[in-house]
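Work through the exercises below with the structure at hand. Each task is followed by a solution in steps.

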Amino acid sequence: MKLAVAAAGISSFALLYAPQPVLPQLAAQYRLDPGSASLAVSVATGALAIAVLPIAALSEIVGRRPIIVASVTLSVVLGLLMPFAPSYPVLLALRALQGIAIAGFAGVASAYLVEQLGKTGVAAAVGAMIAGNTVGGMLGRLSTGFSAEALGWHGALAVVAGVALVCSAVTVLSLPAGVRPSGSGSRLRDVLTGVGTALRRPVLLAQYGVAMLAMGAFVAMYNAAGFRLTGELGLSPAVASLVFLAYAVGSVSSSNAGRMVARFGRPRAVLGGLAVMAAGILLTLPDSLPLVVLGFVVLTGGFFAAHAVANGWAAAEAPEGARGQASGMYTLAYYLGSSVGGTVGSVVFGRFGWSWLVGAAVVWLALAGAAVAGLRVRTARWVVSA
């Protein structure tokens, strides 16, 4: 099961963010500004956000495994077609369809793990899953960045699709069967009731806020990173793509989510991750390559720690009848943040510069922290564990 879910994460997230390192090349070929070029990422994550809740609800009826298998298969097929896109609008259309396909894995994976492993191990299990997702995101970005100079962005995307094809085959062959859904006629009503439950609990709403705002800040910074590193700091695309090695730190921090929760409690762990993110973002302000690189390392470690804890927190707090819907709502907020925040941040960078982008990202993180801190005011206590 762990191998299958890890392979699915590598495939899905390698495909989802593969265009990010080549945004400057897309902008040059199609004469786009940074905001328009960022749509190659934002269209996919936006489509994922729109599709994830209906697909998560569908998984309550047909089961989690069929959704995950369909997700990894369709996303790879679309990835293999993408290098042959004849124009930028066609590329965006394929990216939107790919985002919908990836929503199947992203929206139900946490619920699948809770059902397979139980609530006791959910923090460590979700942390391990996110660590695999992190490897996929890093692998996709590095593969694209390193192959773009020799093969162009078309060839670079084909390389990533080939890697994803292998990983998806592993998932299809090794993913264990999940809990079979009941076939009662009231199932649709139960699903809709679960959606209402997932939208009423303050503790869940706070985690959705963390997902949206933290992810928006994170993607906005990485969308603009290529433009700054290859433009203002004069690096080649291959060397600039090395910034994505920072994802290795994110893999470590997310896989230790369970230990952070056990030691500090969920609220403090999330707030600490957000504070580390903000510190990393501020480190990128000077026009110094070592500080910019260090800033992205710190930012990435903080982000994946906060995300792993918030994701596990939402999964653990969701009632059994609303587990899939809560997972879907969290993922919706996460990728809505990626789509909107990534695009808005790219526009801010393109029009006003790096310092304005830094300011916007820090404000978003402050709002996320306020959402978590508000739980203490509302309940008059810290929730230390599930």
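For sorting residues by class, Ala, Val, Leu, Ile, Met, Phe, Trp, Tyr, Cys and Pro count as nonpolar, Asp, Glu, Lys and Arg as charged, and the others, Gly among them, as polar. The model is predicted.

**Exercise 1. Classify the residues that line the second largest pocket, and find which element gives the largest share.**

Step 1. The volume of this pocket is about 150 Å³.
Step 2. Its lining consists of Leu-229, Leu-235, Val-239, Ala-240, Leu-242, Val-243, Leu-245, Ala-246, Leu-289, Val-293 and Val-297.
Step 3. Two elements, α10 (237-240) and α14, each supply two or more of the lining residues.
Step 4. The largest share is that of α14, with three residues.
Step 5. Sorted by class, the lining of the second largest pocket has eleven nonpolar residues, no polar and no charged ones.

**Exercise 2. Describe how helix α12 and helix α14 are placed against each other.**

Step 1. The axes of α12 (residues 257-264) and α14 (residues 289-317) come within 9 Å of each other, and their crossing angle is roughly 75°.
Step 2. Angles of 65 to 115 degrees count as roughly perpendicular, so α12 is roughly perpendicular to α14.
Step 3. On the α12 side the contact uses Ala-257, Met-260 and Val-261, and on the α14 side Ala-305, Ala-308 and Val-309.
Step 4. By class, this contact has six nonpolar residues, no polar and no charged ones.

**Exercise 3. Do the same for helix α4 and helix α5.**

Step 1. Helix α4 (residues 39-62) and helix α5 (residues 64-81) have axes that come within 7 Å and cross at roughly 130°.
Step 2. An angle of 130° falls in none of the ranges for roughly parallel, roughly antiparallel or roughly perpendicular, so α4 is oblique to α5.
Step 3. Ile-55, Ala-56, Leu-58, Ser-59, Glu-60 and Val-62 of α4 meet Arg-64, Pro-66 and Ile-67 of α5.
Step 4. The classes in this contact are six nonpolar, one polar and two charged residues.

**Exercise 4. State how many cavities of 30 Å³ or more there are, and describe the linings of the largest and the second largest.**

Step 1. The count is four cavities of 30 Å³ or more.
Step 2. The largest cavity holds about 240 Å³. It is lined by 23 residues, and Phe-13, Asn-133, His-307, Tyr-334 and Tyr-335 are the closest to its centre.
Step 3. Two or more residues of that lining come from each of α6 (88-117), α7 (122-174), α9 (202-232), α14 and α15 (323-352). The most come from α7, which gives six.
Step 4. The lining of the largest cavity divides into 15 nonpolar, seven polar and one charged residue.
Step 5. The second largest cavity has a volume of about 90 Å³. Of its 14 lining residues, Pro-21, Gly-226, Ala-240, Ser-241 and Phe-244 lie nearest its centre.
Step 6. Here α2 (23-30), α9 and α10 each give two or more residues, and α9 gives the most, with five.
Step 7. This lining has eight nonpolar, six polar and no charged residues.

**Exercise 5. Find the pLDDT average of the chain, and the pLDDT over residues 382-386.**

Step 1. The chain averages a pLDDT of 84, and 88% of the residues score at least 70.
Step 2. Residues 382-386 have a pLDDT below 50. In the model this stretch makes 14 contacts beyond near neighbours in sequence.
Step 3. Where pLDDT is low, predicted coordinates should not be read in detail.

Definitions and conventions:
Residues numbered from 1 in each chain as written. Predicted model: local features only at pLDDT ≥ 70, side-chain atom pairs only at ≥ 80, totals over all residues. Heavy atoms only, no water. Axes fitted to C-alpha atoms, helices over the stretch in contact; angles between N-to-C directions. Helix = DSSP H or I, 4+ residues; strand = E, 2+ residues; numbered from the N terminus. Parallel < 35°, antiparallel > 145°, perpendicular 65-115°, else oblique. Contact = heavy atoms within 4.5 Å. pLDDT = per-residue confidence, 0-100. 1 Å grid on protein atoms, 1.4 Å probe; cavity = no way out; pocket = protein on both sides within 12 Å on 5 of 7 lines; lining within 4 Å. Points joined across faces, edges and corners; volume = space filled by probe spheres on them.
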